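Open the model in your viewer and keep the selection tool at hand. The stops below are given in the order in which to select them.

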Amino acid sequence: MTLPDPGPYPGLRAARAARSPRSSFQAMWRDLAPIGRHAGSGGYRRYAWTGADAECRAWFREQAEARGLAYEVDRNGNQWAWLGDPLAGDAVVTGSHLDSVPDGGAFDGPLGVVSSFAALDELRDRGVEFAKPFAITNFGDEEGARFGLACVGSRLAAGQLTAEKARLLRDGDGVSLPQAMEAAGYDPDAIGPDPGRLARIGAFVELHVEQGRALGLTGDPVGVASAIWPHGRWRFDFRGEANHAGTTRLVDRRDPMLTYAQTVLAARREAELAGGLATFGKIVVEPNGVNAIASLVRGWLDSRAADQDTLDAVVTGIERAAREHAERAGIDVEVVRESFTPVVEFQHALRDELCRVLGKRVRGRRTTDDTGCDIPVLGTGAGHDAGILSASVPTAMLFVRNPTGISHSPAEYAAEDDCVAGVIALADVLEGLACS
Ligand code: GLV
Ligand code: MN
Ligand code: MN
């Protein structure tokens, strides 16, 4: 097959010349590596609708076009690269996201997108025929690092976030989502549910770096997802009184920083007691002066648990502690739930199909749990576009081993051999789902 000239983009020549999943993967990984990487931290700052995001999007488009795929952007700014007729229905779709958390790692998101293109290269090298339409996607703003809400692109498409609510989102500088989209050359008036598009998808498979050490412990390069924990984000506003740090007696202070600190400790305690997770990882302080008592401390709680009752217990306990401490210290506290994602159980039929296909490579190795799967089947506390889409589309996930389990950090890592194993596994799965 003849592919279009790759033009000035250097990595595309390598991609076109790729003859193995490893070299295909390596070429794309090299191209993507410098985009949005902060020289000081070594982490990625690829936030929605910024310059780094635009560069990632340009990279996606060039990869699509270099492979002769039909490129399109949907009404919510998600990118698609199609092989076959997008309107025919029963499409097999794979992909992930390219944006990052602040100082994120290289793998969370990009591993899934790069592996998707590499898996297509592998399938073409195998000479298989596609019997169904096939697409690779890059969902916009998965991490919610800029506007505070995760999975904006997939939530909008699935009707889990209304256009009206999305238009109210603002970043830390007060820039609204519509302003940011417009500045990036996208039409914010177009955003909204996309049920017709989702109805034409027969299966969505997202490959992702594991964000834990389960595969490191079992010794498997690749696993299959079972479920995503319920999780959400809550904003805690503690309001006190600004005053002079050098002249205000301790007894006269209404210092919201103290109440915030007590709430952070309570979060840890409640999470330990209930067996869930609770994290305050982001904070805004006003007036933020070293010699002034704060007037406002705004902290964001991220909480997750294996089941809804546990999550409720953790968050209720933290809120109760915050209110008790606030009352004693004369601090006003307001708690707002900014986002919530209920538990996701991935479709068993598709999960079992992945296990059947992947089990052929490891047949007889062992059965890991009551799914009867020959490779590990894992739950996760991390959110994904696949979780959002699972309400509308049969959806499954593959995880690639992360030896340290570290994620949302520059130290996030997966060995190249495992990444290549992930590409082969994804290709096997896609071949089973899409090819005759
Ligand atoms: C996304 O990575 C999340 O789980 O926060
Ligand atoms: Mn992430
Ligand atoms: Mn991710």
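The tour goes from the metal ions to the ligand beside them, then to a helix and some backbone details.

**Before selecting**

This is a predicted model, in which local features need pLDDT of at least 70, side-chain atom pairs count only at pLDDT 80 or more, and totals for chains, interfaces and linings use all residues. Residues are numbered from 1 along each chain as its sequence is written, chains are lettered from A and ligands numbered from 1 in the order in which they are written, and side-chain values use heavy atoms, with hydrogens and water left out.

**Stop 1: the manganese ion, ligand 3**

Select ligand 3 and show its donors (N, O and S atoms within 2.8 Å of the metal, or 3.2 Å for Na, K and Ca; water is not among the atoms, so sites may look incomplete). They are His97 through NE2, Asp108 through OD and His208 through NE2, at 2.0 to 2.2 Å. Along the chain, the donors of ligand 3 have the spacing H-x10-D-x99-H. His97 sits in the loop between strand S3 (91-96) and helix H4 (110-126), and His208 in strand S5 (residues 201-209), so this pair ties together parts that are 111 residues apart in sequence. Helices (H or I, at least four residues) and strands (E, at least two) are DSSP runs, numbered from the N terminus.

Are the two histidines, His97 and His208, buried or exposed? Buried means under 20% relative accessible area, exposed over 50%, and partly exposed in between (1.4 Å probe, protein chains only). His97 has 0% relative accessibility and counts as buried; His208, at 1%, is buried too.

**Stop 2: the manganese ion, ligand 2**

Now add ligand 2, which is 3.6 Å from ligand 3; Asp108 coordinates both ions. The protein donors of ligand 2 are Asp108 (OD), Glu143 (OE), Glu143 (OE) and His408 (NE2), lying 2.0 to 2.7 Å from the ion. Their spacing along the chain is D-x34-E-x264-H. Distant parts of the chain are linked here: Asp108 is in the loop between S3 and H4, and His408 is in the loop between strand S15 (395-400) and H14, 300 residues apart. Colour these two by accessibility: Asp108 is buried at 5%, while His408 is partly exposed at 39%.

**Stop 3: ligand 1**

Which residues surround ligand 1? Glu143, Arg304, Ala382, Gly383 and His408 do, counting residues with a heavy atom within 4 Å of the molecule. By class, this shell divides into 1 nonpolar, 2 polar and 2 charged residues. Ala, Val, Leu, Ile, Met, Phe, Trp, Tyr, Cys and Pro count as nonpolar, Asp, Glu, Lys and Arg as charged, and the others, Gly among them, as polar.

Next, display the polar contacts (pairs of N or O atoms within 3.5 Å; within protein, one must be able to donate a hydrogen and the other to accept it, and residues adjacent in sequence count only if both atoms are side-chain atoms). Oxygen atoms of ligand 1 lie 3.1 Å from a polar side-chain atom of Glu143, 2.7 Å from one of Arg304 and 2.7 Å from a polar backbone atom of Gly383. On its own, ligand 1 has 200 Å² of accessible area, and the protein covers 93% of that (Shrake-Rupley method, 1.4 Å probe; for residues, only the protein chains shown count as cover).

**Stop 4: helix H14**

Select residues 416-434, helix H14. At 1.5 Å a residue, its 19 residues should span 27 Å, and the end C-alpha atoms are 26 Å apart, which agrees; the expected span is 1.5 Å times one less than the number of residues. Of these 19 residues 14 are buried, so H14 is largely enclosed by the rest of the structure.

**Stop 5: backbone details**

Most residues other than glycine have a negative phi, and most peptide bonds are trans. Go to Glu286 and Pro287, which are joined by a cis peptide bond with omega about 0°. Pro287 lies in the loop between strand S9 (277-286) and strand S10 (292-293).

Then pick Asp141, where phi is positive, near 50°, in the loop between strand S4 (134-138) and helix H5 (152-157). Cys151 is found in the loop between S4 and H5 and has a positive phi of about 60°. Asp141 is buried at 5%, and Cys151 is buried at 3%.
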